[in-house]
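Please take a moment with the sequence and the model before reading on. The paragraphs below are meant to be read with both in view.

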Amino acid sequence: MTSRILIVEDDPLVAMMIEGFLDALGCELAGCEGSLAGALARLASPDFDAVILDVHLANGETSEAVGKALCEADIPFVVATGDGGAARSGFGEAAVVRKPFTLDALAAALASIGV
């Protein structure tokens, strides 16, 4: 079964890179949200199996609220960040990939969450 992955990333170029990685890994893109509000709205009726979650979003927002909601809903996710310390503060035991990351690093992180 193909895993459907939601990307939460505000940088269009990074989102495109992740989309390419997911395609190479045989995953299906469930969509891409670039804002905190958009990501939280998608959680109301999740149509995805896992999430790749950027820590720092546009306008100074962070995605900690999304991480908390994913933990509460028991939806697996990978935190993508250039700031490793930030990923440890509000995201529980989520797998972390440090930007810039490779296809192999993302594959390993997704495998660690069962994708």
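What follows goes from the sheet to the helices that pack on it, and then to a pair of helices.

The model is a predicted one, and a convenient place to begin is its open sheet, in which five strands follow one another in the order β2-β1-β3-β4-β5 with parallel pairing. Strands β2 and β5, the latter covering residues 95-98, form the edges, each pairing on one side only, and from one strand to the next the twist averages 20 degrees.

Within this sheet, strand β1 (residues 4-8) is mostly covered, since four of its five residues are buried. Five bridges join β1 to β2 (residues 28-33), and the two run parallel; here Arg 4 stands opposite Glu 28 of β2. Towards the other edge, strand β4 (residues 77-81) is joined to β5 by four bridges, again in parallel, and Val 79 has Val 96 in β5 as its bridge partner.

Two helices may now be placed against these strands. Helix α2 (residues 36-43) packs on the sheet, where it touches β1 and β2, and its direction makes about 135 degrees with that of β2. Helix α3 (residues 64-73) also packs on the sheet, touching β3 (50-54) and β4, with a direction at about 160 degrees to that of β3.

How do helix α1 and helix α5 cross, and at roughly what angle? The axes of α1 (residues 12-24) and α5 (residues 103-112) come within 10 Å and cross at roughly 65 degrees, and the two helices are therefore roughly perpendicular to each other. Their crossing is right-handed. Ile 18, Phe 21, Leu 22 and Ala 24 of α1 make the contact with Leu 103, Leu 106 and Leu 110 of α5, so that by class it has seven nonpolar residues, no polar and no charged ones.

Terms used: Residues are numbered from 1 along each chain as its sequence is written. This is a predicted model: local features need pLDDT of at least 70, side-chain atom pairs count only at pLDDT 80 or more; totals for chains, interfaces and linings use all residues. Side-chain values use heavy atoms; hydrogens and water are left out. Axes are lines fitted to C-alpha atoms, for helices over the stretch in contact, and angles run from 0 to 180 degrees between N-to-C directions. Angles under 35 degrees count as roughly parallel, over 145 as roughly antiparallel, 65 to 115 as roughly perpendicular and the rest as oblique. A crossing is left-handed if the near helix is turned anticlockwise from the far one by less than a right angle, and right-handed if clockwise. Contact means heavy atoms within 4.5 Å. Buried means under 20% relative accessible area, exposed over 50%, partly exposed in between (1.4 Å probe, protein chains only). Two strands pair if DSSP finds at least two bridges between them.
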